[in-house]
Amino acid sequence: MEKVKNLEPNAVWRYFDEITSVPRPSKHEEKIIEYLKKFAAENHLEYKTDGTGNIVIIRPPSAGWEDKPGVILQSHVDMVCEKNENVNFDFFTQGIKAYVDGDWVRAEGTTLGADCGIGMAAAMASLVSDIKCGRIEALFTVDEETGLSGAFGLGTGMITGKYLINLDSEDEGEVFIGCAGGIDTIAELRYKTEPVPENYKGYRVSITGLSGGHSGNDINRGLGNSVKIVNRFLWNAAEKFGARVSVFNGGSLRNAIPREAYADFVVDHVDLQSYFEQFRCEILSEYENIEINIVLELSDTEVKTVMDGESQKKLLNSLYAVANGVLKMSPYINGLVDTSTNLASVKFTDGGLIEIVTSQRSASESSKYDAMAQVESAFRLADGNVIHSDGYPGWTPNPSSELLNILKRTYCDMFGTEPEVKAVHAGLECGLFLKKFPHLDMVSIGPTMTGVHSPDEKLNIPSVAKFWEFLKAILENI
């Protein structure tokens with residue numbers, strides 16, 4: 001089997017292979033930062049860090065290019081850590097097991113980390129290449145995936161360049177010039193436990209095999225939400241058969257569409273299996289050709305306690321009522337989602353507390369807060385305690401950007417066609433950079449990858465070669 005490090009262009013794939021071997025969960029990026037420091041030292045490159053943990057590695061301008069504008073190549077070092085339920089893997093100690101599958105690079109049962117590992121690899125290759133260009137500042141930020149805290153805390157003296165190229169996009173041939181802002185809404189519901197009613201039998205309902213994916217880029221695909229589907233079953237089972245819930249867990253990451261969920265519950269001795277089969281057929285029919293690997297299962301299990309009845313009603317009703325998916329399409333860019341919300345997870349924790357995490361996105365600040373209020377109201381009706389993250393701003397497109405014009409001319413000269421200019425319904429760090437450094441002229445590019453934020457993540461090999469050649473030409477043309 002061909003090894004990832006032997007792919008072409010080797011300058012990029014060699015570093016990508018090394019990056020995948022370094023554990024780098026969000027908020028635990030110490031090992032990958034040390035790897036970058038070692039890379040800088042070995043190549044005699046200056047670097048600096050800030051109090052947040054970000055690192056900038058600097059390549060001085062080529063001889064004769066000292067008067068050219070400086071360029072910032074930006075990527076984030078952390079990765080989304082998702083795995084299939086049957087995979088035994090520790091993201092804190094193990095490297096990703098990447099392999100070549102035709103024209104794609106994938107991982108064995110986990111996320112690949114091409115988001116944003118391939119951007120990191122391209123930036124590192126640029127720092128040690130023989131490209132004739134001005135000063136390069138390769139900015140590597142921490143904790144992009146779970147809070148953008150690296151971008152929030154970026155030191156004021158860390159970057160000096162005029163142009164910033166974000167390397168965190170997922171479609172070769174497209175140049176992004178805008179992104180959505182976002183905010184998280186977290187609800188906490190309390191409950192008490194009671195003994196299982198006499199003669200009630202315990203069951204577990206579970207769903208696996210959903211696609212999952214990015215809660216911004218994939219929100220308009222009509223994918224199944226595991227929390228919503230399991231809650232739908234529980235709500236109906238409670239209404240029809242008096243089901244009592246013991247525990248309900250699903251989803252794990254705020255920025256991922258949840259793929260798996262399960263709940264333990266009890267019912268009086270009724271023919272639950274026939275109703276479950278009816279429900280299962282309905283779900284398979286509704287998601288036909290969208291979710292082809294759904295596995296819905298009902299099994300016996302031992303249940304010792306259940307939620308009190310009033311708390312159960314509040315939980316199931318609020319999860320059913322809360323908005324999920326696309327709320328509004330963009331009036332400016334055809335096919336672009338303007339505003340959305342994602343029901344990301346529900347977790348029963350110790351001490352009688354249920355935590356429900358959701359995230360809202362919008363290109364408009366007012367629409368973002370409106371979506372937040374819609375979600376908050378559903379949980380306030382259930383007497384939930386609702387809190388919000390700090391949120392982050394969007395990035396307003398600038399079609400007159402000098403850097404964009406350079407990219408368009410370069411791409412056309414190289415490939416005979418202009419790239420598509422787009423905005424993305426996802427959170428990029430660019431909005432925060434622009435807030436701190438308003439002089440920046442920014443774009444975002446990247447190779448093609450799919451299934452990001454899920455174990456189905458894969459990176460297209462031919463697109464990496466085009467992306468690398470394009471990036472080198474951009475640097476030379478600035």
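This is a short talk on one asparagine, the largest pocket and a small sheet in the structure above.

Okay, before anything else: what we're looking at is a predicted model.

Let me start with N342. It sits in strand 17, which covers residues 337-349. So is N342 buried or exposed? Its relative accessibility comes out at 1%, and since buried means under 20%, N342 counts as buried. Its side chain has a polar partner, too: it reaches the backbone oxygen of A256 at 3.2 Å. And if you skip the neighbours within four places in sequence, A256 shows up again in the contact list of N342, along with R254, I257 and P258. Also on that list are S215, I219, N225, N324, V357, T358 and S359.

Right, on to the pocket. The largest one holds about 790 Å³ of space. Its lining takes in 47 residues, and those nearest the centre are H214, N217, V424, H425 and A426. Strands 8 (174-179), 9 (181-190), 20 (420-424) and 22 (449-450) are the elements that each give two or more residues to that lining. What's the lining made of, chemically? You get 19 polar residues, with 14 nonpolar and 14 charged.

Now, hang on to strand 22, because I want to follow that one into the last bit.

There's an open sheet of 4 strands, in the order 4-5-23-22, with antiparallel pairing. Strand 22 is an edge strand there, and so is strand 4 (98-101); each of them pairs on one side only. The partner of strand 22 is strand 23, residues 458-460, antiparallel over 2 bridges. If you want to find that on screen, look for M449, whose bridge partner in strand 23 is L459.

Methods: Residues numbered from 1 in each chain as written. Predicted model: local features only at pLDDT ≥ 70, side-chain atom pairs only at ≥ 80, totals over all residues. Heavy atoms only, no water. Buried < 20%, exposed > 50% of the residue type's maximum accessible area, 1.4 Å probe, protein only. Polar contact = N/O pair within 3.5 Å; in protein donor to acceptor, adjacent residues only side chain to side chain. Contact = heavy atoms within 4.5 Å. 1 Å grid on protein atoms, 1.4 Å probe; cavity = no way out; pocket = protein on both sides within 12 Å on 5 of 7 lines; lining within 4 Å. Points joined across faces, edges and corners; volume = space filled by probe spheres on them. Nonpolar A, V, L, I, M, F, W, Y, C, P; charged D, E, K, R; others polar. Pairing = 2+ DSSP bridges.
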